[in-house]
Amino acid sequence: MTCRLGILLSGRGSNFAAIQSAIEEGRLPQAEIAVVISNRPEAPGLHLAEALQLKTVLLEKGQFENRLAFDQALVDTLQAYGVQLVILAGYDRILGQSVLEAYSGRILNIHPSLLPAYGGKNMVGLKVHQAVLDKPEAESGCTVHVVTDEVDGGEILGQRRVPVLPGDTPESLAERILAEEHRLYSDVIRQFIETHFSSKETVQNAAV
Ligand code: GRF
């Protein structure tokens with residue numbers, strides 16, 4: 001079977017691009033991208049998805065009366081495209097309860113630190129790397145984890161480590177980690193699909 005991925009992004013989209021390349025190059029043969037959803041019209045990742053002729057949907061919070069309506073639209077969109085596994089790839093909104101329930105255990109995220117260190121609500125972007133340099137740590141890295149209602153707190157599925165080098169800036173450390181993110185994410189997605197979507201029983205469980 002092919003597992004239908006729903007990509008959620010808000011910005012650059014380099015992790016999305018790496019996943020798409022892994023699919024195209026046969027390194028992630030059990031997956032296809034069913035839809036790319038962005039909450040920001042200007043997101044370069046959204047425009048890349050359009051250029052690749054993938055299905056895209058823009059869901060901006062301003063289009064909706066309230067949080068619940070936004071969340072419902074997100075669930076409806078994912079289900080309309082038959083998404084089985086949700087991949088957060090630089091998505092900057094915390095998911096609401098109805099999304100977490102509809103896709104419980106079937107939402108993955110990547111974070112640019114060695115979780116549980118340097119995770120949580122305010123640990124985003126260059127702040128993560130600045131905190132690592134301020135400590136100072138000898139190494140950092142990236143983590144793919146299952147998304148739950150605890151920000152950056154779900155089960156850890158895979159990590160890669162990188163050294164912190166003398167003279168590193170938040171930007172240089174981010175760049176070194178990003179290269180590892182691109183390798184890690186598709187590796188973990190492949191393993192996750194093999195584990196959770198290969199037998200008849202789990203396919204049924206995964207059906208939404
Ligand atoms: C990555 O650093 C990822 O770890 C974090 O957001 C960033 C997204 O980068 N969650 P990109 O949009 O995939 O290039």
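In these exercises Ala, Val, Leu, Ile, Met, Phe, Trp, Tyr, Cys and Pro count as nonpolar, Asp, Glu, Lys and Arg as charged, and the others, Gly among them, as polar. The model under study is predicted.

**Exercise 1. The shell around the ligand**

Task: Determine which residues surround the ligand, and how they divide into nonpolar, polar and charged.

Solution.
Step 1. A residue is taken as near the ligand if one of its heavy atoms lies within 4 Å of it. The residues found around the ligand are Arg-12, Gly-13, Ser-14, Asn-15, Gly-90, Ile-110, His-111, Pro-112 and Glu-181.
Step 2. Sorting this shell by class gives 2 nonpolar, 5 polar and 2 charged residues.
Step 3. Two elements, α1 (14–24) and β5 (107–111), each supply at least two residues of the shell.

**Exercise 2. Polar contacts and cover**

Task: State which atoms of Ser-14, Asn-15 and Glu-181 lie close to ligand oxygen atoms, and at what distances.

Solution.
Step 1. The cut-off for a polar contact is a pair of N or O atoms within 3.5 Å.
Step 2. Ser-14 places a polar side-chain atom 2.5 Å from an oxygen atom of the ligand.
Step 3. For Asn-15, the atom concerned is a backbone N or O, at 2.8 Å from a ligand oxygen atom.
Step 4. Glu-181 has a polar side-chain atom 2.8 Å from an oxygen atom of the ligand.
Step 5. Of the 360 Å² of accessible area that the ligand has on its own, the protein covers 82%.

**Exercise 3. The largest pocket**

Task: Identify the space taken by the ligand and describe its lining.

Solution.
Step 1. The ligand takes up the space of the largest pocket.
Step 2. This largest pocket holds about 980 Å³ of space. Its lining has 37 residues, and those closest to the centre are Gly-90, Tyr-91, Asn-109, Ile-110 and Val-124.
Step 3. Two or more lining residues come from each of α1, β5, α5 (126–134) and α6 (170–196). The most are given by α6, with 4 residues.
Step 4. By class, the lining of the largest pocket comprises 15 nonpolar, 13 polar and 9 charged residues.

**Exercise 4. The second largest pocket**

Task: Give the volume of the second largest pocket and the classes of its lining residues.

Solution.
Step 1. The volume of the second largest pocket is about 160 Å³.
Step 2. Its lining consists of Asn-39, Arg-40, Pro-41, Glu-42, Glu-60, Lys-61, Arg-67, Asp-92, Arg-93 and Ile-94.
Step 3. These divide into 2 nonpolar, 1 polar and 7 charged residues.

**Exercise 5. Backbone features in loops**

Task: Locate the loops that hold Pro-116, Pro-136 and Gln-53, and describe the backbone there.

Solution.
Step 1. Between Leu-115 and Pro-116 the peptide bond is cis, with omega near 10°. Pro-116 belongs to the loop between β5 and α5.
Step 2. The peptide bond from Lys-135 to Pro-136 is also cis, here with omega near -10°. Pro-136 is found in the loop between α5 and β6 (139–146).
Step 3. Gln-53, a residue other than glycine, has a positive phi, near 60°. The loop that holds Gln-53 runs between α2 (44–51) and β3 (56–58).

Conventions:
Residues are numbered from 1 along each chain as its sequence is written. This is a predicted model: local features need pLDDT of at least 70, side-chain atom pairs count only at pLDDT 80 or more; totals for chains, interfaces and linings use all residues. Side-chain values use heavy atoms; hydrogens and water are left out. A polar contact is a pair of N or O atoms within 3.5 Å; within protein, one must be able to donate a hydrogen and the other to accept it, and residues adjacent in sequence count only if both atoms are side-chain atoms. Accessible areas come from the Shrake-Rupley method with a 1.4 Å probe; for residues, only the protein chains shown count as cover. On a 1 Å grid over the protein atoms alone, a cavity is a set of points where a 1.4 Å probe fits but cannot get out, and a pocket is an open set with protein on both sides within 12 Å along at least five of seven lines; lining residues have an atom within 4 Å of a point. A molecule sits in a cavity or pocket if more than half of its atoms lie within 2 Å of its grid points. Grid points are joined across faces, edges and corners, and a volume is the space filled by probe spheres set on the points.
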